[in-house]
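This briefing concerns aromatic contacts and nonpolar cores. Please consult the sequence and the structure shown here alongside the points that follow.

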Amino acid sequence: MTPWSGKGESAHAHEHEQDLSTLLTSDERVDLTLLIAAITEVMQKQISDTFDASITTGKVPSQALNITDKNPNVKDEKPHEETEDEANTRKMREKREKELSAPSMLDLKKDALEFFQIWQESVVSRVGTVVNKPKEVIEEQKEKASDNNSPDIAPPPDKKVIQSNTNTENADAALIDLYPPTSTSLCNLPREKREMLLNAMLLLVLGLEHYIAHSRILLLHIASSLHLPLHILTENEVKVAQTLLEAAKHMSGDEETKKRGEENQTARRWKVGLAGVAGAALIGVTGGLAAPLVAGAIGTVMGGLGLGATAAAGLLGTLAESGVIVGSLFGAYGGRMTGKMVDAYAKEVADFSFLPLRGSSNRIHGKKAPAEDRRLRVTIGISGWLTQREDIITPWRVLGHQSEVFALRWELEALMKLGSSLEAVVKSAAWSVAKKEIIARTIFASLLDALWPIALLKVSKVVDNPFSVAKSRADKAGLVLADALINKAQGERPVTLIAYSLGARVVYQCLMSLAERRAFGLVESVVLIGTPAPSDSTVWRAMRSVVSGRLINVYSENDYILAFLYRTSSIQYGVAGIQEIQDVKGVENVDVSEMVSGHLRYQYLVGSILEKIGFEDIDVEEVSKEEETLALLEEQEEKEQEKKVHEETDPDKEAAKMQKDVQHKTDATFLERATEKMQIGKKTVNV
Amino acid sequence: MASDESLPMLKILMIGPSGAGKSALLIRYCDDQFDTESSTATIGVDFKLKKLSVHGKAYRLNLLDTAGQERFRTLSNSYYRGAHGVILVYDISSRDSFNAMERWFEEAESNAMPGAVMYLVGSKMDRATNRKVKYEEGEALARNHGSRFCEVSSKTKENVRKPFIEIVDLISQNPELLAASNKRAGTVTVGESEGSFGSGCAC
């Protein structure tokens, strides 16, 4: 059963024998097809669930039951105590139904499903082509290997022996929790074979010439259904990314253009939607064409996993032949995430760029990222306010290496100003007095009745303006980010967005814009922390529609600062950063009230929060570093606070003083930036 | 060749009970091959591309060969979308396969887009000695569902091209059908091509 798992034979021994259709028995191929069908069904249901009015959070199940019981003959026979509650539920439900039957929502749902179905069809036919391959190559193969070609030779007893003990220990609890496994007999296969299958599927979806978020989620579902831990998938993603780029390097662009010219299929092939993909897939599988280096390289890597060069090439389709397509997968040779894009938007937003976190730290914008830093996925971290310049990057150091991590630098000055003002206010005596008052009343009462302590309102002018400025900049930056994603700055790769505070506002705007422009499948997962944005379900439903994986709202009921800052915005729609999002299926709410005493904590808690929500790749070492920093900070602040309590000051005077301090600080950063600019200028002159 | 991708793409589905000879017909039509021994059941769905000119107008056909086996029914909703035509295939030497056609028509009519062209094909007409379904019966069934009918033999090549040419002809006579799908295709390309547009620039 395992001749192909040996390393030696895989790449070179028999050219024709390594192929998914010969590696698997026909039953297994059937199971694979059915598994994919079942998983895509589940995924589709999740999308339509997002738009389902009957789904609510909270204590609804029992009430929903009551309603159905009651429907035939209403009101009379039921106990009175229930009615008010029930009427409420019904009202809420009607409201949701109304919300969902709005034309814009219906359109969004239709488009989201449509996009999904197109993708689903392309995946299913891709699988079909690969799995049914014998029919196409049957004559060739017959001549060479008429007897061992039969796919049914694999002896079944093998699988049963290993069945019972391997499965449970390999299961990955978090993965299974998030992506419930679909039952399939394939999970009874020996582990190597399951790993091989997962790999094959990765190559196969890459053969679609993109790696959109839906594809990635499909793979997560497959991993979970095959009872394989997540790291197998992520490790292979890294391997494949590297191999692809390495191999693509060897393919000279000229040669390829020439070849393509001869084929009369210039770059256009990868421009035409589904039809093109289908056509390309067909050519890739049947032709094998110029048996390229890419396939060889992939074969060597995958050899140990049971997939030979030809098999890998077949699965990858055109991707195996074309450096150009590989390039587009990774965002046109890597330059664009940092290069051109920024210039294009420079006019609209003063300051907007992606900073790579890995690799040589002093890499200059626009330079290619070295191949070893490239990944099949992209993660973008977005900071919300800054106390020092490094804050753009530091919180995101906790993100792991399985994904290509970028920090978004946007509106540095506005954020610095906001950061210093916030810090000043929080450290002020007025704030510590006010906090007690607010706690006594609860945060929501303060918000809704606009009953803020007077002392606080007096110092408010220090932060209000910077906040509004930064907020409106965030809204703009969000649109720019959406634009960058739609134009595939990240290549054909899924993007994960993680952001706190106003950074989360950027993401909120970005997602809303993506939904409006029907750009589905770009974003894999989103983590929003302490978000100054509405918590209204309409909004979150729209956001949900463009996020294929997880959409997580991290909130803290103790975040008085956020509530205070947001008070002038439209609070009637709620504030996502201090409460949970209700009634939208697929939005995860994570309450971090215990960990987060205030808005200014988030920056140091990114790691711990991500850990808590079971985020897939984080760097544990960095998280503990972060925790240490936070502990130190807290100690320091406590001391300062003690000092302040004795000083008791007049709020007006304090406000004035604060304003001066903030001005001073911002001037300092402005100067810093100016000098930096000049230095850069000098450098370029020198060059 | 160069203009291939600009040709209108027609999506045609082949459905029918397992073993009716859908794959054999398709392979005979596209590759002009016929394998007397092998009869592997199709898994899920397979497809082929083929260029065809009818009345001087060229089309690209995307021919989807679906699995007849019951267990693959879950997949069916994913391939009906956007199909211009459906070819329903039964085996003239198997009464059961013909009896099942009513159900296949039902599935096709409820899933395909309105106006999609149906075409009934009785396969394996070379097995005349073993015939269980009369030509007239097939014809009557087709008439009931407003579809065309013919019998073919993938083995002897008889009539193999006929159903494909006729169905394309019927589809091409219905501009609304073409337009409906082109609109769909349009939305597809918007989603997919925006990215390519970007990639194109960067090169």
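**Aromatic and nonpolar packing**

Over all chains, a search of the whole structure finds 10 aromatic pairs (Phe, Tyr and six-membered Trp rings with centres within 6.5 Å; planes under 30 degrees apart are stacked, over 60 edge-to-face, the rest tilted). The model is predicted: local features need pLDDT of at least 70, side-chain atom pairs count only at pLDDT 80 or more, and totals for chains, interfaces and linings use all residues. Side-chain values use heavy atoms, without hydrogens and water.

**Aromatic rings**
- The pair A:Phe116 and A:Trp119 is tilted, because the ring centres are 5.3 Å apart and the planes lie at 50°.
- A:Phe116 and A:Trp119 are both buried (under 20% relative accessible area, 1.4 Å probe, protein chains only).
- One aromatic cluster is formed by B:Tyr90, B:Phe98, B:Tyr135 and B:Phe149.

**Charges over a ring**
- The charged end of B:Arg73 sits over the ring of B:Trp104, 4.3 Å from its centre (NZ of Lys or CZ of Arg within 6 Å of the ring centre and within 35 degrees of the ring normal).
- The charged end of B:Arg103 also sits over the B:Trp104 ring, 5.8 Å from its centre.

**Nonpolar cores**
- The largest nonpolar core (buried Ala, Val, Leu, Ile, Met, Phe, Trp, Tyr and Cys joined through side-chain atoms within 4.5 Å) has 197 residues, of which A:Trp410, A:Leu511, A:Leu514, A:Trp540 and A:Leu610 touch the most other members.
- Apart from this core lies another of 29 residues, including B:Leu10, B:Tyr119, B:Val121 and B:Val168.

Conventions: Residues numbered from 1 in each chain as written. Chains lettered and ligands numbered in written order. Buried < 20%, exposed > 50% of the residue type's maximum accessible area, 1.4 Å probe, protein only.
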